[in-house]
Amino acid sequence: MTEQMLSPIVPTPLIPRSFTTTESNKTGSWRFLKPRYDEKTAPCSAACPAGEDIARVEMLVAQGLFKEAWETILQENPFPAVCGRVCFHPCEGVCNRKEFDDAIAIHTLERFVADTAMRYGIQPDIARRPVQGPRVAVVGSGPSGLAAAYFLARLGYTCDVFEAKSEPGGILRWGIPLYRLPVNVLEWEIGRIRSLGVEIHCNHRVSSDFLRDAGDRYQAVFIGCGHHRNVDLGIPGENLDGVEEGLPFLERVRAGERPDLSGAVAIIGGGNTAVDVSRCALRLGAKPVIVYRRRRQDMPAFEHEIEMALEEGVELMELWAPLEIAPHADGYRLVLQKMEVAAEEGPRAQVRPVPGETREMVVSKVLKAIGNAAEEAWMEPPEGDGKLLRLANTALVRRDDGPVLVYGGDLAALEKSVAHAVASGKEAAMALDTYFQDGWDAIESKVSACRVGQGPSLSMEMYLGGERCRRNPHVVAFQEINTDYFLFSPRLAQPRLLKEERIQGFSEIDLKISAALALREAERCFNCGICNQCDNCRLFCPDLAVCRDDNPQGRRINYDYCKGCGVCVVECPRNAMALEQD
Amino acid sequence: MKKVVEGSHAVSEAVRLARADVISAYPITPQTHIVELLSEYCSDGTLNAKFLRVESEHSAMAALIGAASAGVRTFTATSSQGLALMHELLHWAAGARLPIVMAEVNRALAPGWNIWTEQTDSLAQRDTGWIQLYCEDAQEALDTTLQAFRLAETVYLPVMVVLDAFFLSHTYEPVDIPEQEEADRFLPPFKPAFQLDTQNPSAFNQLAPPNVYMEMRRSLQDAMESALDVLDTIEDDYEKLFGRRYGAVEAVQCDDADIILVTSGTVTSTSRLVLRQLREKGEKVGLLKMKAFRPFPFEALRKHTAHAKKLAVIDRNFSFGAGGIFAQEIRSALCNLARRPLVFGYVAGLGGRDVTTDVIEDIYWRTKTSAHPEGESIWIGLHQPAPAA
């Protein structure tokens with residue numbers, strides 16, 4: 001009530017007024033539902049073989065924290081500059097934003113943060129454990145071997161990498177053409193692994209004897225020497241002079257040779273090697289024709305690589321299988337058998353010959369690229385060994401008389417890809433560390449506790465007990481995103497060399513993007529399941545029960561006053577909260 | 001200074017002169033021009049006020065309740081469905097004794113959609129505790145709006161300044177717009193008797209149990225009852241400065257009249273012409289303009305109608321199941337008098353239908369020739385229903 005009289009004829013306004021605090025009314029006692037912060041798993045991160053924390057990476061990029069974004073990738077993958085270029089990005093295939101307009105250009109942003117770090121010569125701040133006793137030998141310096149060495153070195157283990165060739169990198173150096181992966185990018189990434197103290201011994205071919213004697217110096221050996229033996233076609237003439245294997249051809253080109261090609265060149269196969277070979281042949285002056293026994297949709301090569309090859313002028317002959325290669329005055333006579341689809345079961349169609357339908361073509365060169373296998377028997381994980389432990393992307397063997405063997409990379413991974421090789425190296429490092437610390441029997445459970453979502457992707461950050469451990473493994477679905485908070489916005493268009501410019505040489509095709517474009521693209525990200533500090537929960541709380549706090553979440557809920565209305569949970573754009581029975 | 005302005009803008013000018021601090025509104029025809037001009041004044045710095053854009057009329061009133069509780073001068077404008085949406089907060093603003101001023105441009109309620117004038121929207125809010133003042137022309141709209149701030153800030157009640165859609169809101173008339181210094185002399189800055197104060201925190205308008213609630217209601221009624229006297233005092237000051245006054249009612253030639261036309265809003269202007277024509281023919285007719293509806297001017301009504309035989313009340317509104325709302329209120333104001341005129345209730349001009357001099361003359365002659373009213377209310381000018389197809 002007010003004390004002041006306004007005018008003799010006007011009565012004093014009488015209104016209810018209280019000078020005691022309303023905080024005495026603990027409205028939280030009315031609650032039967034309880035909101036809480038519950039960060040979940042983004043579909044991209046679960047689909048990433050390397051388990052990168054993509055939703056968080058994009059959040060950091062959008063905030064302009066490029067170094068932190070890069071370090072967040074480096075937690076899980078030593079090769080962001082490489083993977084930003086060559087990965088087949090399964091993350092984008094499951095992006096929730098795809099249901100709204102278009103998937104986020106995740107690989108482009110990965111490359112952007114890595115290239116930015118490279119451009120400014122930035123060193124990452126990533127925690128390392130103190131040096132541990134056990135030493136590990138790594139056979140092969142391809143992506144799996146280097147990843148294993150990288151993660152083991154971070155865990156404190158001394159690693160020696162043995163590489164048969166003159167320079168490290170394996171398939172990254174010798175198998176991927178320069179127009180997809182410039183050599184300076186690879187060397188920068190490998191240099192960072194070396195700076196962790198990893199010794200890489202090149203021109204050092206390892207034999208089965210090495211495994212026998214390794215126990216003197218090493219407590220474990222990681223075998224990641226890949227598949228380098230070419231699979232034969234099994235047809236007459238395949239060993240004629242000048243009929244060449246795909247990988248050695250790529251290696252020659254990568255080493256700087258520029259064989260003079262002209263006229264039609266046949267490439268037999270449908271994998272990434274076949275596509276890379278065809279595109280290199282095109283650049284060397286040939287008219288390449290990929291001959292594949294199945295159809296385009298059955299090709300194991302990445303779809304966007306096939307598309308680029310065809311765009312550049314490579315020809316694709318589907319449903320033709322080679323029967324014979326014979327000498328011809330103009331090169332080779334190639335006899336082909338027409339195939340037809342017999343069954344559609346499985347990932348690739350089953351095909352059978354169409355009786356009587358064959359054709360011949362004359363080509364100047366034949367390149368075989370139908371697949372590769374391990375070069376020697378000891379490189380394969382032994383079958384049926386009682387001490388064999390098979391994980392998703394590795395196989396471990398404990399021996400009574402020598403170091404633990406871990407088979408990784410192409411030798412044991414679910415798929416042959418750089419990302420799977422990284423996953424394999426990481427899994428090996430976790431398994432070996434667990435073995436050294438807690439024994440063989442602890443490996444399976446400790447590794448599976450680091451699964452991103454339902455796995456099989458693994459997180460090193462989780463293995464090290466980081467913030468990511470708090471994430472609910474539930475993978476956020478599109479229906480769980482509050483799309484009221486997002487505007488339609490077109491996906492970043494990757495700037496590229498023109499087709500005419502590309503085929504002139506081996507310059508990188510995908511061009512760099514500006515920071516402005518990167519920011520705009522990262523802002524499109526829903527950040528599924530993770531809190532990006534948008535503050536909606538606090539702003540919408542009708543009871544002022546959401547408060548800022550110094551904890552990692554940045555906020556806390558004051559349950560003395562939270563009535564459990566659930567507004568915060570509904571208004572969270574990205575499902576980083578949960579409402580449950582109190 | 002005299003300027004030809006739109007009726008809506010006469011209100012806007014008054015709000016500018018009143019130096020309102022916070023304005024919040026949601027656009028609705030036919031009100032929109034009022035706040036449109038004010039938003040321009042806010043953006044170009046002519047008026048140093050915070051203009052809050054909101055998503056509904058309900059929020060507009062809620063925003064002003066907050067602002068007025070903090071002790072600043074507030075204004076909004078609305079019409080029809082927008083006013084109906086504000087309804088629960090109209091009760092709140094009055095009960096909280098907040099001196100909010102609102103321009104209410106009378107518009108018929110839907111369905112069917114009708115943007116034209118009718119008073120049912122504002123009269124339906126008669127029990128909310130708001131003062132309601134009905135204006136006849138643009139000059140009165142300006143003067144009343146300026147006075148409304150002083151009235152509201154004296155009695156601590158919200159004031160609704162009511163004007164007809166289009167006939168007033170969208171019509172251009174010469175209007176004498178006071179200079180700012182003159183307006184300042186009439187309307188000093190608002191010094192609230194109570195306000196939110198972070199140095200002395202308190203909660204307003206929480207629980208009021210049966211042992212205190214009734215006294216609060218009575219306090220509001222006391223304020224209403226004082227408002228007519230306060231308005232009179234304010235009009236004295238206004239007249240001294242600007243030479244114009246209106247009164248809660250205005251009686252024109254009522255003293256010797258047998259029949260008095262009772263009107264409100266723009267129908268009054270048309271009735272003035274009819275009055276002159278009928279007087280020239282020797283008819284003993286008067287005109288009573290009702291400006292104040294809440295508080296209801298009982299005494300003035302009784303005084304000016306004391307000698308008349310019949311009242312012809314023209315209602316541009318209707319209460320379904322009863323009758324024209326002014327007629328009902330006038331009947332109830334007179335019913336206990338020993339000698340009282342017969343009250344004829346006429347309903348005309350709903351949904352913006354024109355009330356012409358012919359309509360008003362028809363009302364006059366019907367009243368004169370009928371010994372008693374034909375019914376509770378007589379609907380004038382209804383078309384014959386179309387034959388069934």
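This report describes charged and aromatic side-chain contacts in a predicted model.

**Salt bridges**

Side chains of opposite charge can pair when their charged atoms come close. Over all chains, the count of salt bridges comes to 84. Three of them are set out in the table, each with the distance between the closest N and O atoms.

| Salt bridge | Closest N and O atoms |
|---|---|
| A:Arg111 with A:Asp115 | 3.0 Å |
| A:Glu467 with A:Arg470 | 2.7 Å |
| B:Asp362 with B:Arg366 | 3.4 Å |

The bridge between A:Arg111 and A:Asp115 joins two residues of helix H6 of chain A, which spans residues 106-119, and the partners are 4 residues apart, so about one helical turn separates them. A:Arg111 has a relative accessibility of 9% and therefore counts as buried, and A:Asp115, with a relative accessible area of 15%, is buried as well.

In chain B, the residues B:Asp362 and B:Arg366 are likewise 4 residues apart, about one turn of the helix, and both belong to helix H13 (residues 357-369). Here B:Asp362 counts as partly exposed at 31% relative accessibility, and B:Arg366 is partly exposed with a relative accessible area of 26%.

For the bridge between A:Glu467 and A:Arg470, the relative accessible area of A:Glu467 is 41%, which makes this residue partly exposed, while A:Arg470 is partly exposed at 46%.

Beyond such single pairs, chain A contains a network in which A:Arg180, A:Asp276, A:Arg279, A:Arg283, A:Glu305, A:Glu311, A:Glu312 and A:Arg502 are linked by salt bridges.

**Aromatic pairs**

A pair of aromatic rings is described by the distance of the centres and the angle of the planes. In the whole structure, a search finds 29 aromatic pairs over all chains. One of these is formed by A:Phe88 and A:Phe302, whose rings are stacked, with 5.0 Å from centre to centre and 10 degrees between the planes. A:Phe88 lies in the loop between helix H4 (80-86) and helix H5 (90-93) of chain A, whereas A:Phe302 lies in the loop between strand E10 (287-291) and helix H13 (303-312) of chain A, so the pair ties together parts that are 214 residues apart in sequence. A:Phe302 is buried, its relative accessible area being 17%.

The rings of B:Tyr134 and B:Phe326 have centres 5.9 Å apart and planes at 75 degrees, and the pair is therefore edge-to-face. This pair also links distant parts of its chain, because B:Tyr134 belongs to strand E6 (residues 131-134) of chain B and B:Phe326 to helix H12 (residues 325-334) of chain B, with their positions 192 residues apart in sequence. Both partners are buried: B:Tyr134 has a relative accessible area of 1%, and B:Phe326 one of 2%.

Chain A also holds an aromatic cluster, made up of A:Phe100, A:Phe478, A:Phe486, A:Phe488 and A:Phe526.

**Charges over rings**

Charged and aromatic side chains also meet directly in chain A. A:Arg258 lies over the face of A:Phe506, at 4.4 Å from the ring centre, and the charged end of A:Arg359 sits over the ring of A:Trp320, at 5.6 Å from its centre.

Note on methods:
Residues are numbered from 1 along each chain as its sequence is written. Chains are lettered from A and ligands numbered from 1 in the order in which they are written. This is a predicted model: local features need pLDDT of at least 70, side-chain atom pairs count only at pLDDT 80 or more; totals for chains, interfaces and linings use all residues. Side-chain values use heavy atoms; hydrogens and water are left out. A salt bridge is a side-chain nitrogen of Lys or Arg within 4 Å of a carboxyl oxygen of Asp or Glu. Buried means under 20% relative accessible area, exposed over 50%, partly exposed in between (1.4 Å probe, protein chains only). Rings of Phe, Tyr and Trp (its six-membered ring) pair if their centres lie within 6.5 Å; planes under 30 degrees apart count as stacked, over 60 as edge-to-face and the rest as tilted. A charge sits over a ring if NZ of Lys or CZ of Arg is within 6 Å of the ring centre and within 35 degrees of the ring normal.
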